[in-house]
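These are my notebook entries on a two-chain model. I looked up its interface, its cores, its salt bridges and its backbone geometry.

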Number of protein chains: 2
Amino acid sequence: MKKIINKPENFVDETMEGIILAYGDKVKLLNGDKRVLLTNQPVKPGKVGIVTAGGSGHLPTFLGYVGQGLIDGCAVGNVFASPSAQKMADMIKACDYGSGVLCLYGNYGGDTMNFEMACETAEFDDVTTAQIRVRDDIASSPVENADKRRGVAGLLYAYKVAGAAAEKMMSLDEVVAVTEKALANIKTMGVATTPCIVPEVGKPTFSIGEDKIEVGMGIHGEPGIEVRDMMTADEIAELVLGKITDEMPLAEGDEVSVLVNGLGGTPLEELLIVYRKVAMLLKDKGVTVVMPHIGEYATSMEMAGLSITVFKLDAELKELLLSPASTPFYTNLNK
Amino acid sequence: MKKIINKPENFVDETMEGIILAYGDKVKLLNGDKRVLLTNQPVKPGKVGIVTAGGSGHLPTFLGYVGQGLIDGCAVGNVFASPSAQKMADMIKACDYGSGVLCLYGNYGGDTMNFEMACETAEFDDVTTAQIRVRDDIASSPVENADKRRGVAGLLYAYKVAGAAAEKMMSLDEVVAVTEKALANIKTMGVATTPCIVPEVGKPTFSIGEDKIEVGMGIHGEPGIEVRDMMTADEIAELVLGKITDEMPLAEGDEVSVLVNGLGGTPLEELLIVYRKVAMLLKDKGVTVVMPHIGEYATSMEMAGLSITVFKLDAELKELLLSPASTPFYTNLNK
């Protein structure tokens with residue numbers, strides 16, 4: 001196994017220790033718990049708390065977004081596994097600044113079950129909670145079963161909108177409403193060319209054929225829509241953008257933000273080459289791109305591949321997107 | 001070949017087109033030339049210009065650092081190949097704001113030869129130039145032949161210091177002096193676990209044995225000091241930090257910045273696990289870390305592995321390091 005780690009069973013704890021050693025001025029553990037990270041920056045009294053949770057192995061998702069203007073707390077489990085309901089409940093209580101807490105997370109079975117229990121526990125302690133499950137991956141289930149779709153890189157845009165809305169001192173109901181409006185306009189699809197290695201397994205848990213590409217693969221290696229012969233960057237851009245705009249038509253004059261997200265093993269050059277084609281296709285339609293994001297935002301450790309997310313904007317969503325944010329792995333200042 | 005590209009021969013041009021489509025408000029081409037990128041942000045009149053050049057395939061090095069507080073211009077060649085002297089000369093002239101231009105680049109044969117010619121050409125047109133070759137890779141040549149050493153991830157710190165000094169309106173001589181002082185205190189060493197693929201070749205141009213690690217490998221796959229059995233993260237941190245501090249001793253009370261740089265295919269979790277050990281070893285010595293950098297700053301496309309850079313600070317260097325900078329792939333604001 002070619003992973004640069006120590007004991008596989010210490011992978012998550014040591015990652016968290018690294019984060020605290022590096023960024024302890026910006027983030028902190030909840031009572032020393034190496035599975036719950038909280039912001040260590042000043043929080044406006046009475047602000048709605050925004051929290052998330054999920055399995056490890058996706059950095060900068062989720063831990064990297066704890067900070068100002070995005071999320072206030074994050075609970076993590078083992079690699080690709082949900083944290084416990086108890087840790088989520090502790091986090092929710094710690095992130096209640098008096099106006100309730102929005103739990104904003106990817107639509108996966110374990111996370112959903114545990115957040116349901118955690119919210120019950122928190123409500124019992126008089127913390128008002130709301131939940132939004134992100135389901136941006138259009139390849140993970142057909143549109144008629146859109147409630148079964150998984151959450152992937154679009155989570156970042158959801159955090160951005162909810163975090164900015166909370167910073168503007170919107171109420172919990174208002175934060176929920178604007179985040180749901182955003183999510184109705186956020187669609188993602190990905191492709192993968194190599195698998196990844198879960199540290200405690202030590203070898204790839206799935207395979208992708210030589211010269212093949214998995215269209216629609218999930219960030220844990222969930223099978224996609226189809227396996228194809230390797231495609232060019234332009235073909236990938238056309239295919240994915242086509243699938244997205246089939247569901248979410250774009251017209252001349254529309255404004256969108258585009259996220260070309262590397263899954264871990266794909267060079268930045270290749271992400272830029274894919275972005276190039278996406279931008280050209282959008283330009284041809286008369287669609288303007290606002291604040292593109294190109295880089296690694298939601299990874300699957302060393303998996304090669306990428307996803308494309310399109311976020312269709314209105315004036316309110318655009319303002320929230322452009323609002324400042326500052327966390328150890330996301331800075332959007334002075335733009 | 002599992003690269004997400006179009007025609008291999010268009011790799012560099014299309015990468016540059018992607019950059020311009022995404023960040024055209026911040027950077028621009030020189031007269032439409034897809035091999036020379038200039039800042040598109042306001043430049044203080046009379047500021048010293050800072051330029052660099054090198055082969056493609058290392059993003060965010062070099063193109064990603066064109067912007068405010070770092071470098072003003074960058075010429076790139078094909079993958080792992082120097083751009084021409086003519087393009088460098090055009091760039092130098094475009095980045096002369098009246099007080100001369102510092103050419104700050106990695107110590108490689110082609111880049112050196114071409115910058116020598118380019119500076120002659122620019123001087124002929126009455127542009128004052130200075131050159132500094134970065135040689136931070138301590139594994140690339142023994143200390144008695146330190147002038148033969150290559151430039152790797154420490155380039156970022158060199159850009160940061162020179163860029164901040166120029167923003168403070170220091171003269172060309174002063175920028176050169178403080179950058180040389182910084183470079184005497186910047187040491188890097190890397191390890192690699194998998195090779196990378198040059199697009200026009202289509203397969204790895206070198207190999208690293210199964211369960212082996214190359215200690216001291218360069219960012220183009222140059223052989224390192226030795227091939228070892230795969231090491232743990234802690235062993236890598238101890239080995240590399242030990243080699244660096246053998247040359248540059250650190251004592252209680254010293255302040256350093258540390259850059260743990262991913263070469264392209266190594267997950268952020270693993271970089272944090274290595275940083276954890278580096279930080280613990282430095283803490284044991286009573287050394288304080290200022291503004292650590294953990295992520296992909298100087299890559300070799302999809303190569304797996306990492307490098308560790310230590311930058312020993314004094315009051316002046318610390319202030320320059322902490323000064324604001326903003327480019328498409330580097331933001332250091334409000335810290």
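**Interface of chains A and B**

I began with polar contacts and found 24 residue pairs in polar contact across the interface of chain A and chain B, both residues at pLDDT 80 or more. I took a polar contact as a pair of N or O atoms within 3.5 Å; within protein, one must be able to donate a hydrogen and the other to accept it, and residues adjacent in sequence count only if both atoms are side-chain atoms.

I note that this is a predicted model, in which local features need pLDDT of at least 70 and side-chain atom pairs count only at pLDDT 80 or more, while totals for chains, interfaces and linings use all residues. Residues are numbered from 1 along each chain as its sequence is written, chains are lettered from A and ligands numbered from 1 in the order in which they are written, and side-chain values use heavy atoms, with hydrogens and water left out.

I then asked which elements of chain A give two or more residues to the side that touches chain B. They are helix H1 (11-23), helix H6 (233-247), helix H7 (268-284) and strand S13 (305-313) of chain A; helices (H or I, at least four residues) and strands (E, at least two) are DSSP runs, numbered from the N terminus. H7(A) provides the largest share, 10 residues. By type, I recorded 28 nonpolar, 14 polar and 13 charged residues on this side of chain A. Here Ala, Val, Leu, Ile, Met, Phe, Trp, Tyr, Cys and Pro count as nonpolar, Asp, Glu, Lys and Arg as charged, and the others, Gly among them, as polar.

In contacts (heavy atoms within 4.5 Å), 55 residues of chain A meet 55 residues of chain B. The buried area is about 4,900 Å², with 63% from carbon and sulfur atoms; this is the accessible area (1.4 Å probe) that two parts lose on being put together, summed over both. Of the area that chain A buries against chain B, Lys2(A), Ile4(A) and Glu269(A) supply 18%, more than any other three residues.

**Salt bridges**

I counted a salt bridge where a side-chain nitrogen of Lys or Arg lies within 4 Å of a carboxyl oxygen of Asp or Glu. The rule gives 50 over all chains and 6 between chain A and chain B. One pair is Arg276(B) with Glu14(A), at 3.8 Å from N to O. Both belong to a salt-bridge network that also links Glu17(A), Lys34(A) and Asp234(B).

Within that network, Lys34(A) and Glu17(A) meet at 2.7 Å, N to O. Lys34(A) is in strand S2 (residues 33-39) and Glu17(A) in helix H1 of chain A, so the pair ties together parts 17 residues apart in sequence.

In chain B, I found Glu302(B) bridged to Lys3(B) at 2.6 Å, N to O. This pair links parts 299 residues apart: the loop between strand S12 (293-295) and strand S13 (305-313) for Glu302(B), and the segment before helix H1 (11-23) for Lys3(B). Are these two charged residues buried or exposed? Glu302(B) is buried at 15% relative accessibility, and Lys3(B) is buried at 3%. My cut-offs are under 20% relative accessible area for buried and over 50% for exposed, with partly exposed in between (1.4 Å probe, protein chains only).

**Cores**

The largest nonpolar core has 105 residues, and those with the most contacts inside it are Val274(A), Ile50(B), Leu102(B) and Leu104(B). Apart from it lies another core, of 104 residues, among them Phe62(A), Ala192(A), Val215(B) and Met248(B). Such a core is a set of buried Ala, Val, Leu, Ile, Met, Phe, Trp, Tyr and Cys residues joined through side-chain atoms within 4.5 Å.

**Backbone geometry**

Most residues other than glycine have a negative phi, and most peptide bonds are trans. I recorded a cis bond between Leu59(A) and Pro60(A), omega about 5°, and another from Thr61(A) to Phe62(A), omega near 5°. Pro60(A) lies in the loop between strand S3 (49-56) and strand S4 (73-79) of chain A, and Phe62(A) is found in the loop between S3 and S4 of chain A.

I also noted positive phi at Met291(A), near 45°, and at Asp211(B), about 65°. Met291(A) is buried, at 12% relative accessible area, whereas Asp211(B) is partly exposed at 38%.
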